[in-house]
Amino acid sequence: MHGTRILDEADRLMTVCNSCRYCEGLCAVFPAMEMRRAFSDGDLNYLANLCHSCGACYTDCQFSPPHEFNVNVPKTLAVARHESYAAYVWPRAFAGAFARNGLVIGIMAALSVAAFIFGFAAFHDRQVLFGVHTGAGAFYKLMPHNAMAALFGAAFLYAIVALVMGVRAFWRDIGEPIGMRADASSILQAIRDAGELRYLDGGGVGCFNEDDRPTDRRKLYHHFTFYGFGLCFAATCVATLYHYLFAREAPYPWWDLPVVLGTLGGIGLLIGPVGLLAEKWKRDPVLVDETRMGMDTAFIANLFLTSLTGMALLLLRDTGAMGPLLALHLGVVFSLFVTMPYG
């Protein structure tokens, strides 16, 4: 017996699949499964997090419903995957709240910080918030750089610590052999596979979403989202170097590297999250865990809102709308940081 009902069901399915092995070429789940004859809770959580939910194994399986074996690997592993997020979350007290109210918490965090910054500016000078500020250091008329860096540095540090603690708990539970940690070629291959989203293609034909016609749409939108986020992060890093090494304060000209990187990344984070949400809402219910749409939706929505408010701030930074837009953008970024470990 396992720790949860869904892990018992996942064990049953993996035992059936291990006897069949018809789907071993579709994704990373089945070759990994074949390395075990019996499955611990950690093994099953590991397999659940290898699954990209492409749906190919459900479409190809001769034992999928209405067969009496009732083999539905994508849905079972989706439920197990969501439960694993709660199982390894840090701090543990946050698991239930984020699972139930992810989108609400994300929105409330964004609005709360935006309200704080509005209040900060209004307390010091009511004219600052809606004033027109241009040139180097214009953003810091609303909130001093040191205060901004301290607030968001703390939020980012919290996100990193929470992620590291969650990975630590997961790593311990899956019981990875010590020799695998030193296998550099396997680690590099895993990084490459993740960067290419190799297994979000159903073994080469594409991802099954709303029907039995595979497409590459989900894979494409994931790429827009991931690499858009990467470009925005690069823009932030370059701007940080500008500020501390060269004493160049934001905002920067349109042609400067932080703005170019941020604009390209922002476009990716507009296209990708909208596409992912559209694909999520169209997905065949038989493939997904319908009871949990909290933090994954909040995370995608926060990525989109971060880009939307950032692009609006870029376009209107030389107008009286700069103050409110900066406050809203920073609020959304704060929300993204504090909810990231749970999304």
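Which residues does K219 touch, not counting residues up to four places away in sequence? It touches E196, L197, L200 and D201, where contact means heavy atoms within 4.5 Å. I will come back to K219 shortly.

First, the ground rules. This is a predicted model, in which local features need pLDDT of at least 70, side-chain atom pairs count only at pLDDT 80 or more, and totals for chains, interfaces and linings use all residues. Residues are numbered from 1 along each chain as its sequence is written, and side-chain values use heavy atoms, with hydrogens and water left out.

Now confidence. The term pLDDT is the predictor's confidence in each residue, from 0 to 100. The protein has a mean pLDDT of 88. Of its residues, 94% reach 70 or more. Among the elements, helix 6 (residues 95-124) has the lowest mean, 72. Helix 11 (residues 257-282) has the highest, 96. Helices here are DSSP runs (H or I, at least four residues), numbered from the N terminus.

Back to K219. This lysine is found in helix 10, residues 217-246. It is buried, yet it has no salt bridge. Buried means under 20% relative accessible area, exposed means over 50%, and partly exposed is in between (1.4 Å probe, protein chains only). A salt bridge is a side-chain nitrogen of Lys or Arg within 4 Å of a carboxyl oxygen of Asp or Glu. For charge, Lys and Arg count as positive, Asp and Glu as negative, and His and the chain ends are not counted. The nearest side chain of opposite charge to K219 is D201, 4.1 Å away. So D201 lies outside the 4 Å limit that defines a salt bridge.

One of the K219 contacts deserves its own slide. L197 is a contact of K219, and L197 has a positive phi of about 50° although it is not a glycine. L197 is found in the loop between helix 9 (184-196) and helix 10. Is L197 buried or exposed? It is buried, with a relative accessible area of 14%.

There is another positive phi to show. N70 has phi near 50°, again in a residue other than glycine. N70 sits in the loop between helix 4 and helix 5 (73-88). N70 is partly exposed, at 39% relative accessible area.

That loop also holds P66. The peptide bond joining P65 and P66 is cis, with omega about 15°. A cis bond also runs from A250 to P251, with omega near 0°. P251 lies in the loop between helix 10 and helix 11.

Next, salt bridges. How many does a search of the whole structure find? It finds 10. Take R12 and E9, whose side chains meet at 2.8 Å, N to O. They are 3 residues apart in helix 1, so about one helical turn separates them. R12 counts as partly exposed at 31% relative accessibility.

Then D256 and R248, which meet at 2.4 Å, N to O. D256 is buried at 4% relative accessibility, while R248 is partly exposed at 32%.

E210 and R217 pair at 3.0 Å, N to O. E210 is partly exposed at 31%. R217 is partly exposed too, at 28%. Both belong to a network of salt bridges that also links E279 and K282.

Last topic, empty space. Rolling a probe the size of a water molecule over the atoms shows where empty space is left. On a 1 Å grid over the protein atoms alone, a cavity is a set of points where a 1.4 Å probe fits but cannot get out. A pocket is an open set with protein on both sides within 12 Å along at least five of seven lines, and lining residues have an atom within 4 Å of a point. Grid points are joined across faces, edges and corners, and a volume is the space filled by probe spheres set on the points.

The count is 2 cavities of 30 Å³ or more. The largest has a volume of about 110 Å³. It is lined by 14 residues, and C17, C20, Y22, C23 and C61 are the closest to its centre. Helix 1 gives the most to that lining, with 3 residues.

The second largest pocket holds about 1,500 Å³. Its lining has 45 residues, with C232, A235, T236, A239 and H329 nearest its centre. Helix 10 supplies the largest share, 10 residues.

Technical notes: Helix = DSSP H or I, 4+ residues; strand = E, 2+ residues; numbered from the N terminus.
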